[in-house]
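Subject: Structure for your review

Dear colleague,

Please find below the structure that I am handing over to you, together with its sequence. My notes on what was found in it follow directly after.

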Amino acid sequence: MHHQQQQPVLKNRRTLLERAEKFISDIYFTDCNLRGRLYGDSYPLECLTSFLSPKRIPFTEAAKQSFAPYTVGDPFGPTWWTCWFKVTASIPESWRGKEVHLRWESDGEAMVWREEQPVQGLTKEGEKTSYILTECLTDEEPHRITLYVELACNGLFGAGQGSMIAAPDPNKKYSVQKAELVVFNHDVRELLTDFEMLVDIVKQLGEGEQRGYQALFTVNEMVNLCDPADPTSFPKAHGLAHKFFSQRNGQSQHNIHAMGHCHIDSAWLWPYEETIRKCGRSWVTVIRLMEKNPEFVFTCSQAQQFQWVKSWYPGLYSQIQHYVKKGQFIPVGGTWVEMDGNLPSGESMIRQFLEGQRFFHQEFGIYCKEFWLPDTFGYSAQLPQIMQGSGISRFLTQKLSWNLVNVFPHNTFFWEGLDGSQVLTHFPPGNSYGMMGKVEELVNTVKNNKDKGRANHSAALFGFGDGGGGPTQVMLDRLRRVQDTDGLPRVQMSSPDRLFSQLHADSALLCTWVGELFLELHNGTYTTQAQIKLGNRQCEALLHDIEVASSLAMWKDKAFQYPAKRIQELWRLLLLNQFHDVIPGSCIEMVVDDALAYYQEIRRDGGQLLQDACKSLGPREQQQDACKSLGPREQQGHSTAVFNTLPWERNEVIQLQDATDQPRLALVKVPSVGLTMVEDTQPVIPVSVTVQADGTVLMENGILQAIVNKDGSLARLYLIKENREAVSDGCQGNQFVMFDDVPLYWDAWDVMDYHLQTRKPVLEVSQPVKVVSAGGLKGSVSFTLRISDKSTITQEIVLDAMSPYIKFNTQVEWAESHKFLKVEFPVRVRSPNATYEIQFGHLQRPTHMNTSWDWARFEVWSHKWADLSEHGFGVALLNDCKYGYSVHKNTMTLSLLRAPKAPDANADMGVHHFTYAVMPHTGTFQDASVIQCAYNLNYPLRLIECFPHTAPWSAFSVSTAAVILETIKPAEDRKDSLVVRLYESHGSSVTATLCTSLPVQEAWHCDLLERVDATRPAKMTNDGIMLSFNPFQIVSLLLCL
Ligand SMILES: [Zn+2]
């Protein structure tokens, strides 16, 4: 036809490109462009009724309620309620042969139910606004359909008031904006995807690439060919696009392994309960996509979320099991939740893997091969060893791309941990775990890859994340088009196993990163939500003690029944709270309330379990013998014994209640993992407390001498025998300091470097120092400081007889806003490095700010202690529930409390109790037993009622102080067997003997999942079990009794 004769295409890139963009715009020219044709005719619903529930209730309960008519546009709410809709629709006969959708646009997150089963999630934010009723309407299928829509009154990201991370607005109103039947024009969507990909290629490849221009002329010609009003014009346009997409790459092109993903925070800006529904909505949608896209692969972490779906959506769960078997729905990560990578204890981290891997094995017959933690705030140097011990040698994250200061130099590398264990590690170079299958992401994946030429494979995780949502059909369609398109990286639907196998096969040039993966951001999370930190630390110790006591009870008392199921439940609650927005304190107040309730449950039920186990610890035969020889009164009588769950002898002052409930002190000597009766012992050197003429107080216990100023600061802290002062000249120890703490955005998460410029000492004394305990077994003084008109610090400084450290029992009434409270100890030590305890070991970080890598660590995390030592002398700062530290030059600082206002407007407001301690020492911290002292501070000796005249006994001990027996627990699924776990804590290669009075028949080395290595029986001698250790090595043994 003459009017279509070739006209000149002018050299105006801009008009050609924008013309194509407008042709698919959902804002402009929708009256005549292609986008405006996506939906055909619409038809109103026959009936729409609703019922509002303050609670999250099951379908069966909701369906029984009485539903009232609902008019589209009517508001409902408030936040966190659920509105259930009953939808009745009749599809017009005339739509025969058409694809028909229920089009549903609403606020909130919705789940469609059909025939009592969940069938699909709907969220506007997640680009899911229609539910397919039929792909091609036939006469045979029912035209009249009843559905239910369960609409949660919260968005994908909760309900922040004004900004995403602001505290939730409890009074938000929600509405449905569109609820109707529509004809969906599938061919329009296909063509829109063609256009969109080509437009993006033009934009992403820019003006420097020939290939971009080829895309430009292709898309321009497609506009010429395509008449939106005439579907018969579509195939020609589609054909042009297809020709472009089919032009292939050369062999050297980068390979992208696309995997569907849906990061669902187990709690964050919404409570745990809502997460259960987020999993249901997201995963059921994934199953729908799998039905239509047999190549679609979806990776899914967090055993806890699988467990939730199993209990709440059994029908969906069995579909998931089906697709797991087919290899499309792939459980990854191997942990119970995606936990924080810094704060959980070593044993907690192992339990994350133990519970996770065992769950995946029981449910799906698999062990995950990769650790999966895309969104966590730093990664402990001990993780590689813990992964390897749990059957995992590969690791995926991307969070270090969030570093505020330094660009991490690798994307694919070997990560070497504290003990030398290595894992193959991949950071998807697109720096995201929520991609959309867009061209930009593919181009960035190649561009950003810092291992160009070393690693030719990368992961791309696509799907809405954080709040759930997951992949969409459009994302799959996009990726399908550019599987092998010249100019773009090759994209294949892949799996973690395929990706890592490829990376491993070609790993000769990969670099190695040694030590922790420190995130240079979110350093406030070591301190925010102090009650959660306290709950975690105390419950970790409690569960440890329950397991030790139960293990010994099984041996002492054949009648003792180990409550395995309940202990597992309590562990799982603890592990759940270690999720990477809960233990860091970056969650809303509702989550904090839930988390604290879980800790309360662990304390209450765990306390009972500990008592029950301790009751069985008196030797049974002896008791029975004793019963025979004692009179009735003595049979009823009981004495107090002290139980030590730690693997060394302890000499400590404890507090008892005597018969009249008066507190009484006693100095006890308790054997390693053992028990002794309380007897009154006098200290060799009593504590003395003397008020001096100038009002300062001198405290001494023969080891330490401290002078406390009237304001509670330490004028001096002196090692008596060694004649060595710990406090720096002209300075005071125990100096409280306040900082302004206003980050750039992430309030609960971030403390910024500039906060250090706002340091103000807390100097106002409301109650000067006064003596509380005058000496003997315990000396103590107390004082009160005023922080502001709303906040105070009251502290008792305690020096116990024979104690190598001085304790600071602290109470803070805290009502600040954007302030940070810390305590400082300027010490007389000079060293370029300080040492910090981590999981099963310790590491060093600089005390100077030479390089950007040094000063980016202005606030760091540690577990029970940090130490600053020079040759021959050092000072350790211990704590019982804190994690934030810094050591700059010679000042050791412990971070105590923050006051962020988002996402919890009331974070940390109220009364706090915590204890820290300072321990000057000669020699190294290893030889001075700093590690043991920090354990002692965190694992109180347990008082138990005991039959009188029980002889002291010890169940376990270790021949060298370098090796710590961390865990004694009943073995999983094995009767009469224990698992013991030891680690080398000094950073040395040593041999050790594990001595035990238990009747051990056999001992085997096992991994962290308690799988026995049949080639490695442990060597048993008359002295005990002989073991050898490399620095920081973790050793687990199965002991058969
Ligand atoms: Zn997350």
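The second largest pocket of this predicted model holds about 1200 Å³ of space. Its lining is made up of 44 residues, and those nearest the centre of the pocket are Arg650, Glu652, Asn936, Leu937 and Pro940. Which strand gives the largest share of this lining? That is β22, with six residues. Among the other elements that each supply at least two lining residues are the helices α14 (530-556) and α20 (930-938), as well as the strands β34 (792-800), β35 (806-814) and β45 (942-946).

The next site to look at is the zinc ion. Four residues of the protein act as its donors: His263 and His580, each through NE2, and Asp265 and Asp375, each through OD. These donors lie 1.9 to 2.1 Å from the zinc ion. Is the arrangement of the site regular or irregular? The angles among the four donor atoms run from 87 to 157°, and the site is irregular. For four tetrahedral donors, the ideal angle at a metal would be 109.5 degrees.

Along the chain, the donors of the zinc ion are spaced as H-x1-D-x109-D-x204-H. His263 is found in the loop between β11 (255-261) and α6 (272-292), while Asp375 is in the loop between β14 (370-372) and α10 (383-389); the pair therefore ties together parts that are 112 residues apart in sequence. Both of these residues, His263 and Asp375, are buried.

Finally, I turn to the aromatic rings. A pair of such rings is described by the distance of the centres and the angle of the planes. Across the whole structure, a search finds 53 aromatic pairs. In one of them, the ring centres of Tyr70 and Phe76 are 5.9 Å apart and the planes stand at 70°, so this pair is edge-to-face. Tyr70 and Phe76 are both buried. Trp746 and Trp749 also make an edge-to-face pair, with 4.8 Å from centre to centre and 70° between the planes; both are buried.

One aromatic cluster includes Trp283, Phe296, Phe298, Phe306, Tyr317 and Phe329, and also Trp336, Phe359, Phe360, Phe364 and Phe462.

Charged side chains also lie over rings. Lys22 lies over the face of Tyr28, 5.2 Å from the ring centre, and Arg845 lies over the face of Tyr836, 4.8 Å from the ring centre.

With kind regards

How values were computed
Residues numbered from 1 in each chain as written. Predicted model: local features only at pLDDT ≥ 70, side-chain atom pairs only at ≥ 80, totals over all residues. Heavy atoms only, no water. Phe/Tyr/Trp six-rings, centres within 6.5 Å; stacked < 30°, edge-to-face > 60°. Buried < 20%, exposed > 50% of the residue type's maximum accessible area, 1.4 Å probe, protein only. Lys NZ or Arg CZ within 6 Å of the ring centre and 35° of its normal. Donors = N, O, S within 2.8 Å, 3.2 Å for Na, K, Ca; no water. Tetrahedral: all angles 85-135°; square planar, octahedral: opposite > 155°, others 65-115°. Helix = DSSP H or I, 4+ residues; strand = E, 2+ residues; numbered from the N terminus. 1 Å grid on protein atoms, 1.4 Å probe; cavity = no way out; pocket = protein on both sides within 12 Å on 5 of 7 lines; lining within 4 Å. Points joined across faces, edges and corners; volume = space filled by probe spheres on them.
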